[in-house]
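Here is a short report on one model. It covers aromatic pairs and the surroundings of a ligand.

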Amino acid sequence: MWDALKARAEASEGLRIADLLYADRVRDFAVEACGLRFDYSKTTLDAEAREILLGICEAADLPARRDAMFTGKPINETEGRAVLHTALRNLSGDPVEVGGVDVMPEVLETLSLMEAFATAVRDGSAAGQGGRITDVVNIGIGGSDLGPAMAVQALAPYHDGPRCHFVSNVDAAHVADILRPLDPETTLVIVASKTFTTIETMTNAATAKAWMAEVVHAPGEQFAALSTAKAKTAEFGIPEDRVFGFADWVGGRYSMWGPIGLSLMIAIGPEAFRAFLRGAEAMDRHFRSAEPLENMPVMLALVGLWHNQGCGHATRAVLPYEQRLARLPAYLQQLEMESNGKRVAMDGTTLPVPSGPVVWGEPGTNGQHAFYQLIHQGTRVIPCEFMVGAEGHEEDLRHQHALLIANCLAQAEALMRGRSFEEAKGLLGAKFDGAELERQARHRVFPGNRPSTMLLYPKLTPEVLGQIVALYEHRVFVEGVCLGINSFDQWGVELGKELAKALEPVVTGEEDAEDKDASTLTLVSWLRAHR
Ligand code: F6P
C-alpha cells in the first residue's frame, strides 16, 4: 500500500495544482462538518491518490480501531491503558466502560466539582488571605501546560475571571518573572501534573510554595492540584477538596478537557468551558459517524499522509490567521510529534515509511514577514495548513479582519500559482535588459505548485476552539492507526529525563562523572568553571 502511495506521489510530481482546479474539485476536495470547512483542493492529491489512501485506512481497520478507542479498549498497548479523553467531553453522559465499569458518573462528578470550585474562585467565595483571587498561576509542563495555555490565550474575549498565568520551564527565569508582579495573598497556584513527579513542575511548585509561605499563613489553602496521584498531592500539602483527579486513560497531551483545563474554566467560566467541551463532543460524533470521504479528521489525516509518507515532505507548517491562536502550533507540536514521532509499529517492527512529520508554525500575518520567504522560494516543499475565521471579535475593527482574511487567501493562492520567469521578466522590463534582466528575473521567480490546505471557521468561540482541537486530535489518531503505531505512549522522552537526573549533581560539583563521554565532560567542566 505504501509503495503504491509513493508510486502515485512520484507520478503526480508533474501535476500542476492550478490545472487540477476545476469547479467540481473545489466541491469534491473539501469537507464541511460542525460548521467548519476543510478545503484540500490546493494540493496534488487527486482521486486516484485518495483511493490509495482510503485503502490504507481500510487495511488498518480504521473504523474498528476508532470504535475501540471510544469504547474504552486498552489501545495504548505498550502501557496497557484505554484512551478515553473523549469521555471527558461526553456531556451526553452515555455510558463508557473501562474493564466493565462505566466511567461517566465519575467524569461528570469531577466536572461538577471543578465547576463548583471555579465558580467559588470567580465569585470570591474561595478567596485568598488578602481577599478575592486576582491571579491564577498554572504550574505544569507539556500536556499539563500547553493545552490550557493555548486555550486561555485563544479565548481571551471570553475572559471574565481572574488573570491566568502559566509557568512551565524549569528555568528559574520563568517562575520568577511570572510571580514577581503578583500578590501572593490574592494568588491561587494550580499544580498541574498527571504524575505529580515531573521534575520541572515539582521544582516550580516548591518555589511557588516558598514564595507564598513568606506572607500567607496557610499556603496550601491557596493551592489546588490536578493529578492522578492523590497520595503525592496530599504529601505536598494540598487539601483534598482542592485536588481534581483523573484516570490514567487520559494522556497528558489529550488532557485539557478535564481537570487540566481548570485554569481555562476559571478564566472563561463553567458555561463557556462546557461550550468548549460541546464543540469537541460534536467533532467526536462527526468522526464516529461520517463516511471517510465526508469525515473531516480522516481527510485531514489523509492529506497529511499524502504529503509526508507519499510525497516525502518532512515538515508541515500550521499557520493560523488568528493572533489568539499563537500557541496552537506549539500545542500541536506536542500533540502530533509526541504522539506520532515513533519509529516502530505496535508489533515492534520498524516502520516502512517515515514517522509523523515535523510540525511548526506561527500566526499569520507575522510569519509572512519571517519564514514565508523559504516557503515560497526555498528548495524544499512545505505543505501549509492555513486556518482563518470568517469573523473576528473586534466589531469596530472589521476592516482589519478583512485584511487578515485577504492575506491568508492570498498566500495560499501565491503558493499555488507562483510566478513564471516570463512574468518576472515582464514586471522588470523597463528597469533592466539583456543578461541583467534575465539575472534579476530569476530571483523573482516563484516556482508555485506548493500545496496548502485551508480550515475555515465562523469565529473563534469556545465551541469552535473545541471543534478545532478535537479535529486535530482525531487527525493524529487516524495517521497513527494508518502507520500502525501507538500514538499514546511517549517513551522517547524518558532517556533524556534519566540522564538529566544523573547530571544534576555533576553540574553542581557534588559528583564527578568519569563515565561520561569526552564531549559532555568538556561541556560540564566549562560550565562549572564559569558558574
Ligand atoms: O514529557 C513527557 C510528559 O510525560 C508529557 O507527555 C506530559 O504531558 C508531560 O510530560 C507532563 O507530565 P505530568 O503531567 O505528569 O507532569
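The structure holds 14 aromatic pairs (rings of Phe, Tyr and Trp, the last by its six-membered ring, with centres within 6.5 Å). One of them joins F287 and F477. Their ring centres are 6.2 Å apart, and the planes meet at 85°. That makes the pair edge-to-face; planes over 60 degrees apart count as such, those under 30 as stacked and the rest as tilted. The two residues are 190 apart along the chain, F287 in helix α12 (residues 270-289) and F477 in helix α19 (residues 462-483). Helices are DSSP runs of H or I with at least four residues, numbered from the N terminus.

This is a predicted model: local features need pLDDT of at least 70, side-chain atom pairs count only at pLDDT 80 or more, and totals for chains, interfaces and linings use all residues. Residues are numbered from 1 along each chain as its sequence is written, and side-chain values use heavy atoms, with hydrogens and water left out.

Now the ligand. It is surrounded by 14 residues (a heavy atom within 4 Å). S144, S193, T195, T198 and E338 are the closest. By class, the shell has two nonpolar, nine polar and three charged residues. Polar contacts (N or O atoms within 3.5 Å) to ligand oxygen atoms include these:

| Residue | Distance from side-chain N or O to ligand oxygen |
|---|---|
| S144 | 2.7 Å |
| T195 | 2.6 Å |
| E338 | 2.6 Å |

Taken alone, the ligand exposes 390 Å² (Shrake-Rupley method, 1.4 Å probe). The protein buries 87% of that.

Methods:
Polar contact = N/O pair within 3.5 Å; in protein donor to acceptor, adjacent residues only side chain to side chain. Nonpolar A, V, L, I, M, F, W, Y, C, P; charged D, E, K, R; others polar.
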